[in-house]
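Please go through the core, one helix pair and some backbone details of this protein.

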Amino acid sequence: MPPPKDVVKIAIQMVGAIPQLIELQQTKPLASVLKDVCDAWSLPNAERYALQYADGRQTYITESNRRDIKNGSILRLTTSPDQEAEQLYIGIQSKNVDVKTDSLKKLASLSQDVTFAQEFISRNGLKQIYSIVEEGNDTGEMLAHTLKAFTELMEHDFVSWENLSTVFIKKIVSYVNMNAVDASIQQLSLSILENMVPTSRVLFEVVKKEVTLDRLLTHLQVTNAQLQLKAMALLIALLLSATDAERRDMMDYLREKNIRQFIHKNIIHSSEPLGDEMAHYLYVLQSVSLNLCEHRMKMSMDPYSQEQRDLLQSLRQTAFESESEAPAGTFSTERRRSLCAKEFRKLGFLNNSNPAEDLRRVPPGLLALDNMVYFSRNTPNAYSRFILENSSREDKHECPFARSSIQLTLILCEILHIGEPCSETAQAFYPMFFGQDHFFQELFCICIQLVNKTWKEMRATQEDFDKVMQVVREQITRTLSLKPTSLELFKTRVNALNYSEILKLRQTERLHQEETLAVPVLELREKLKPELLELIRQQRLLHLCEGTLFRKISSRRRQDKLWYCRLSPNHKVLHYGDVEEGVQSPPIESLTEKIPVADMKMLLVGKECPHTKEKSSGKQNKDVLELAFSIVHDVEEYCLNFIAPTRYEFCLWTDGLNVLLGKEMTSERTQTDLDVLLSMELKLRLLDLENISIPDNPPPIPKPPSNLNFCYDFSHAEQ
């Protein structure tokens, strides 16, 4: 007979004593349980003791988390958190350096526990931490433990970062700015400042003023990967917290200091593999940089702005320089206006008498004008060739430069997500972005020439404009999906993907679709589906057995903390636990927490998850909602919450968990994988029928023969 729901069988250890095996009554007050345990070992003053997990993070057991205890858990009887907090509070004030260092070391370890942290902070323990930092001149082990303890205590959000004194902040800043300081202290100091920056405008301004961009760039150029990562994290935090004007100034300064070349050479193409955290920061840096174009993208042209009109006129003058060289008195005003209108028409403006009207469309606004001017000034030969080549064509066959540029700028803004907020988890950056100054403008220069090339290949007319731009969008997106490492490589590949190649790809996809829509093929698909779905189920479970590294994300910032989760080989238990950065696939024995599959009740995704309800709503959390899922186990109050690193992992894990729960796999990846497997299987099955059209209906069954006397008569066989 299984034990009651409110009873768990556990072991309790104590140093120097024989472990106790007890049945823990979850309805019994924890104080009474502790009294019984202490009485069994003849220990007085049970209120001075507490239970904590023997393995993993060694969390203290409280009334609020006791329901997390599972059958087979191993607990340890230890000093209660209030006693530990009192002892360490006294220990860190000791005059004996060894006692003080040991106390700070233990404090750094225990501060990860929320119960202990609450007790220590309630004794005004943070004030002592402040004093050690503010008054001490030590930069060795003791300081490292102090900063680690401070970081862990602040992680629980019991105290506001705005309560920090100016002296304390300046001391932390000094560790970042000093040269002769241990790398571990600089890492912790950078991490503290990174946490501080987003919390208030005042703290942002203090850190921005005290920690110069030059200093951060110095830290970025070290060989210590962790120090490099923390410096990048602080730089990103400063950029995200800055106003638009401040962000623009910071990015201009970083551009002057050639940060792009350094990142491209020493981080992206480093001998060390790029970690997830650094990939995310590079994505944010790319996104922030591209979003500097948003201001011009959302600004409509002002026909009364002399500066904007001069830019517009420069396009005409560059293209038709020789024709505009005639002295001003040669033509009348009316004749000159007519000539300008004719030239603007050759440039491809729809409204040739007032071309500014074409640029009033937002987006792309003035960004399209900027791109056209950049193209004309930086590649004048290509610009002149584009204009003159199309001027010599018949009216209906000329490719309109201005109209194409405006539409192309809009397409590039959509593909590169300009104007959209940064994702909290994305890691998808383009290596070629860091390999080129003025990336957006240079990309435009390549793509506008692609437009002209594709226009000629399609023998397009003005009526085909939208079709041409659709093909160009496809050429760009297909090439970008290959992740070219440089703009030169992008240019080579996108030009190789000409219109005839696009047609072949489309035809292949269309034929494949037509083949799969024939009635007999559809029937065969249905027969194959169960077998292939079972194959997908097995693959999902295998992926869960291999496990995945998940990142903890709070509402305050992207966390550095990692945890790993994997399914046991027999598919009966989910094992999980915290791991350190750099650990790729920890052994299942090191994952101390576990959830029996039999105790799993349901799977929650997106907005239904408790950890997404806690977070503030907003555009910046949209990506988190798309990657969030939770497992409800035992009773509905207890959940294991996940934020998947990618949409791919989200699909595999939610599918796998649904399989364990005996439910249908519902992710979009299931349908994609099923389509791929069905396509492969159908092609193999229909290989002998290649180039033979499959009828929609089976051929008619012939009439039976007039007699059945055609059977072989064995009785007349030769002897």
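The questions below cover packing first and backbone geometry afterwards.

Q: Between which domains does the largest nonpolar core lie?
A: This is a predicted model, in which local features need pLDDT of at least 70, side-chain atom pairs count only at pLDDT 80 or more, and totals for chains, interfaces and linings use all residues. Residues are numbered from 1 along each chain as its sequence is written, and side-chain values use heavy atoms, with hydrogens and water left out. The largest nonpolar core has 150 residues (buried Ala, Val, Leu, Ile, Met, Phe, Trp, Tyr and Cys joined through side-chain atoms within 4.5 Å; buried is under 20% relative accessible area, exposed over 50%, partly exposed in between, with a 1.4 Å probe and protein chains only). Since both give residues to this core, it lies between domain 2 (87–271) and domain 3 (298–320 + 334–509), with bounds from an automatic or database domain assignment.

Q: How are helices H18 and H19 oriented to each other?
A: Their axes (lines fitted to C-alpha atoms over the stretch in contact, with angles from 0 to 180 degrees between N-to-C directions) come within 5 Å and cross at roughly 110 degrees. Helices here are DSSP runs (H or I, at least four residues), as are strands (E, at least two), numbered from the N terminus. Angles of 65 to 115 degrees count as roughly perpendicular, so H18 is to H19 roughly perpendicular.

Q: Where is Pro363, which follows a cis peptide bond from Val362?
A: The bond from Val362 to Pro363 has omega near -20 degrees. Another cis bond joins Pro363 and Pro364, with omega about 10 degrees. Pro363 is in the loop between H17 (333–347) and H18.

Q: Is His571 buried, partly exposed or exposed?
A: His571 has a positive phi of about 65 degrees although it is not a glycine. The residue sits in the loop between strands E6 (558–567) and E7 (573–579). At 28% relative accessibility, His571 is partly exposed.

Conventions. Parallel < 35°, antiparallel > 145°, perpendicular 65-115°, else oblique.
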